[in-house]
Amino acid sequence: MQWTDVDSMLLLEHLLGDPEGAPVLYLLGHRVLAPAQEADFERLERAVRANGRAAMRRLALGPLSRDAATALAHELLRDVPGADGLAGLAEAVAGESQGNPFFVSELVRHLRRTGFETRGESVSLRDALNARLERLDVRSRDLLDLIALSGRPIPVDVIERAAETSSDMRADLAELRSAQLVRPSSERAYECYHDRIRVALVEQ
């Protein structure tokens with residue numbers, strides 16, 4: 001919802017406020033909203049209250065507890081050769097992830113690729129991301145930076161103009177998709193696979 005445009009909000013307001021509408025469950029997810037976006041959400045809530053047949057519930061989703069993150073890391077590491085001998089590895093993954101399940105899976109993916117023999121119990125999310133970035137060629141990395149800096153889904157034609165290249169970018173975008181660094185948000189637009197990836201790239 002943090003990237004919702006005006007037209008989408010009008011459509012949602014209509015759907016949620018329609019007392020004759022079909023029975024549908026809408027799941028609307030968002031990061032912390034800016035004040036203007038919060039006002040849009042309040043409009044949706046007013047439409048639901050006026051409906052009479054609909055209800056809206058807002059749930060705050062925080063990070064996993066340390067125990068839950070450790071249990072998830074244990075589960076993901078269970079079939080990895082060499083992981084059993086490092087008792088604190090799951091705990092280290094949980095600590096570095098700060099309870100974010102996406103980070104837990106990214107760290108385990110990195111450990112699967114790099115191995116455990118000389119690592120001890122040290123894991124780094126920055127190392128995991130940098131290792132993925134180092135495997136990209138220059139063109140793919142430039143495209144990824146452009147997509148990250150846009151801060152929201154960016155149309156392919158805008159990427160082409162910003163990259164100032166006449167080459168066919170489909171192969172480069174396919175490589176970024178297979179690396180789970182970007183994803184299509186529509187038929188002709190792309191965004192970072194996860195906003196945390198975007199934030200890390202912008203910080204770099």
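Which residue in strand 3 does valine 182 stand opposite? Keep that question in mind for the first close-up. One thing to know before you look: this is a predicted model.

**View 1. Three strands side by side make an open sheet.** Let's settle the opening question: across from valine 182 you'll find cysteine 192, in strand 3. Strand 2 and strand 3 are antiparallel partners, joined over four bridges. Put the whole sheet together and the order reads 1-3-2, with antiparallel pairing. Strand 1 (154–155) and strand 2 are the edge strands, each pairing on one side only. As a bit of background, strands of a sheet pair through backbone hydrogen bonds, and the pairing can be parallel or antiparallel.

**View 2. Three aromatic residues gather in one cluster.** The members are Phe102, Phe103 and Tyr193. The count of aromatic pairs in this model comes to two. In one of them, phenylalanine 102 and phenylalanine 103 sit 6.2 Å apart, centre to centre, with 50° between their planes, so the pair goes down as tilted. Are these two phenylalanines buried or exposed? Phenylalanine 102 has a relative accessible area of 15%, so it counts as buried. Phenylalanine 103 comes out at 13%, and it is buried too; the cut-off for buried is under 20%.

**View 3. Two arginines sit over aromatic rings.** Have a look at tyrosine 193, a member of the cluster in View 2. The charged end of arginine 183 sits over the ring of tyrosine 193, 5.9 Å from the ring's centre. In another spot, arginine 58 lies over the face of phenylalanine 41, and here the distance to the ring centre is 4.2 Å.

**View 4. The largest pocket holds about 2,000 Å³ of space.** How many residues line the largest pocket? The lining takes in 50 residues, and those nearest the pocket's centre are Leu27, Leu28, Gly29, His30 and Leu61. Helix 1 (6–17), helix 2 (35–51), helix 5 (101–114), strand 2 (182–186) and helix 10 (195–203) are the elements that give two or more residues to this lining. Sort the lining by class and you get 28 nonpolar, 13 polar and nine charged residues.

**View 5. The second largest pocket has about 410 Å³ of space.** Here 17 residues make up the lining, and Phe103, Leu125, Arg126, Arg196 and Ala200 are the closest to the centre. You've met Phe103 before, as part of the aromatic cluster. At least two lining residues come from each of helix 4 (89–97), helix 5, helix 6 (125–134) and helix 10. By class, the lining splits into seven nonpolar, four polar and six charged residues.

**View 6. One cavity of 30 Å³ or more turns up inside the model.** How do you look for empty space in a protein? Rolling a probe the size of a water molecule over the atoms shows where space is left. The largest cavity has about 50 Å³ of space. Its lining includes Trp3, Ile147, Pro153, Asp195 and Arg198. Cys192, the residue from the opening question, is one of the lining residues as well. Helix 7 (138–150), strand 3 (189–192) and helix 10 each give two or more residues to this lining. Split by class, the cavity lining has four nonpolar, three polar and four charged residues.

Definitions and conventions: Residues are numbered from 1 along each chain as its sequence is written. This is a predicted model: local features need pLDDT of at least 70, side-chain atom pairs count only at pLDDT 80 or more; totals for chains, interfaces and linings use all residues. Side-chain values use heavy atoms; hydrogens and water are left out. Rings of Phe, Tyr and Trp (its six-membered ring) pair if their centres lie within 6.5 Å; planes under 30 degrees apart count as stacked, over 60 as edge-to-face and the rest as tilted. Buried means under 20% relative accessible area, exposed over 50%, partly exposed in between (1.4 Å probe, protein chains only). A charge sits over a ring if NZ of Lys or CZ of Arg is within 6 Å of the ring centre and within 35 degrees of the ring normal. On a 1 Å grid over the protein atoms alone, a cavity is a set of points where a 1.4 Å probe fits but cannot get out, and a pocket is an open set with protein on both sides within 12 Å along at least five of seven lines; lining residues have an atom within 4 Å of a point. Grid points are joined across faces, edges and corners, and a volume is the space filled by probe spheres set on the points. Ala, Val, Leu, Ile, Met, Phe, Trp, Tyr, Cys and Pro count as nonpolar, Asp, Glu, Lys and Arg as charged, and the others, Gly among them, as polar. Two strands pair if DSSP finds at least two bridges between them.
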